[in-house]
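Q: Hi! I'm new to this one, could you walk me through it?
A: Happy to. Let's put it on the screen.

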Amino acid sequence: MKVIVAGQGAFGVKHLEALQNIKDVEIVSLAGGNPAQTEAVARRFNIPHWTNDLTDSLKQPGVEAAILTTPTQMHARQGEQCMRAGKHVMIEIPMADNLADSERLVQVQKETGVVAMAGHTRRFNPSHQWVHKRIQKGELKVQHLVVQTFFFRRTNMNAAGQPRSWTDHLLWHHACHTVDLFAYQTGEPANSAHAMQGPFHPDLKIAMDMSIQLKTASGALCTLALSFNNEGPLGTFFRYICDNGTYIARYDDLVDGKENKIDVSKVDVSMNGIELQDREFIAAIREHREPNASVAQVLPCMRTLDRLEQNLKQHD
């Protein structure tokens with residue numbers, strides 16, 4: 001299968017590394033924003049064609065699918081562009097930074113019939129999969145999901161420590177992971193959602209701290225704290241407080257409430273959540289089916305984010 005990747009930054013590289021582990025996938029083009037970086041990354045991964053125009057990549061012979069790891073503000077437009085060109089597409093999280101664009105992407109997918117997936121990696125991390133499988137078996141029920149999403153980003157840098165050409169967002173990107181995961185693990189969307197945010201950064205023009213509360217109809221709670229001001233361990237840490245145990249997920253690792261390590265190495269074919277996400281995308285295309293984390297499946301998450309955004313505006 002001939003695949004193109006758009007975005008030469010930190011997450012583009014993560015996907016390029018992951019795709020190397022998937023059988024019978026060929027990366028034929030890289031579309032990037034920075035010409036020098038795009039060429040360097042293309043050469044590193046032996047990609048024969050690179051460009052700064054997504055249209056050029058989509059026109060490469062035999063291209064079937066695209067993975068978009070471009071700045072958030074470009075996701076919706078480029079996602080639609082790929083689908084209109086008849087290409088299957090995975091749009092990195094978030095698929096859009098507003099509800100209207102999210103709904104349009106779902107509509108375009110229905111019109112075109114291609115596979116369209118959002119990059120909701122938490123559904124694929126072995127740690128969260130382990131919890132999900134136990135929930136499905138009736139062995140666990142989430143009572144309270146307590147999440148910390150902490151970074152130290154007082155300047156506009158990406159995960160690789162390089163300057164960003166765009167500004168990240170706590171709500172539409174980082175909260176998106178948890179809002180979707182909470183609904184995925186409980187089996188129901190939040191019917192109550194509240195949010196508060198701290199002061200805006202004078203240069204970045206975004207809130208650097210945020211607090212979110214969610215509740216499902218059955219009574220499960222989610223408490224989410226987010227910060228770009230935290231000078232300490234970075235990343236997102238999930239504490240599942242369940243009716244039958246407590247579990248702490250740190251990306252692809254899992255421990256119980258007493259920090260005893262849980263072996264999740266046999267949960268799936270890889271311990272890399274990004275690779276598992278990419279494997280699902282490729283498999284869905286080959287099997288002509290809807291993928292886990294399709295744009296339609298994650299639309300309820302985007303609706304919750306919109307409610308939270310309206311909530312923030314009311315408080316401000």
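A: One term before we begin: a residue is buried under 20% relative accessible area, exposed over 50%, and partly exposed in between. Also, this is a predicted model.
Q: Okay, so where does glutamate 139 fall, buried or exposed or in between?
A: Glutamate 139 counts as partly exposed, because its relative accessibility is 36%.
Q: And which residue does the side chain of glutamate 139 meet in a salt bridge?
A: That's arginine 134, at 3.0 Å from N to O. Arginine 134 itself counts as buried, because its relative accessibility is 18%.
Q: How many salt bridges does the structure hold?
A: It holds 15. One of them joins glutamate 17 and arginine 44, again at 3.0 Å from N to O. That pair links distant parts of the chain: glutamate 17 sits in helix H1 and arginine 44 in helix H2, 27 residues apart.
Q: What about aspartate 101, which residue is its salt-bridge partner?
A: Arginine 104, with the closest N and O atoms 2.6 Å apart. The two lie three residues apart in helix H5, so about one helical turn separates them.
Q: Changing topic: how many helices and strands are there?
A: The protein has nine helices and 13 strands.
Q: What is its radius of gyration, and what would a compact globule have?
A: The protein has 19 Å, which agrees with the value near 20 Å for a compact globule of 316 residues.
Q: Last one: what share of the residues count as buried?
A: Of the 316 residues, 54% do.

Methods
Residues are numbered from 1 along each chain as its sequence is written. This is a predicted model: local features need pLDDT of at least 70, side-chain atom pairs count only at pLDDT 80 or more; totals for chains, interfaces and linings use all residues. Side-chain values use heavy atoms; hydrogens and water are left out. Helices (H or I, at least four residues) and strands (E, at least two) are DSSP runs, numbered from the N terminus. The radius of gyration is taken over C-alpha atoms; the globule rule is 2.2 Å times the number of residues to the power 0.38. Buried means under 20% relative accessible area, exposed over 50%, partly exposed in between (1.4 Å probe, protein chains only). A salt bridge is a side-chain nitrogen of Lys or Arg within 4 Å of a carboxyl oxygen of Asp or Glu.
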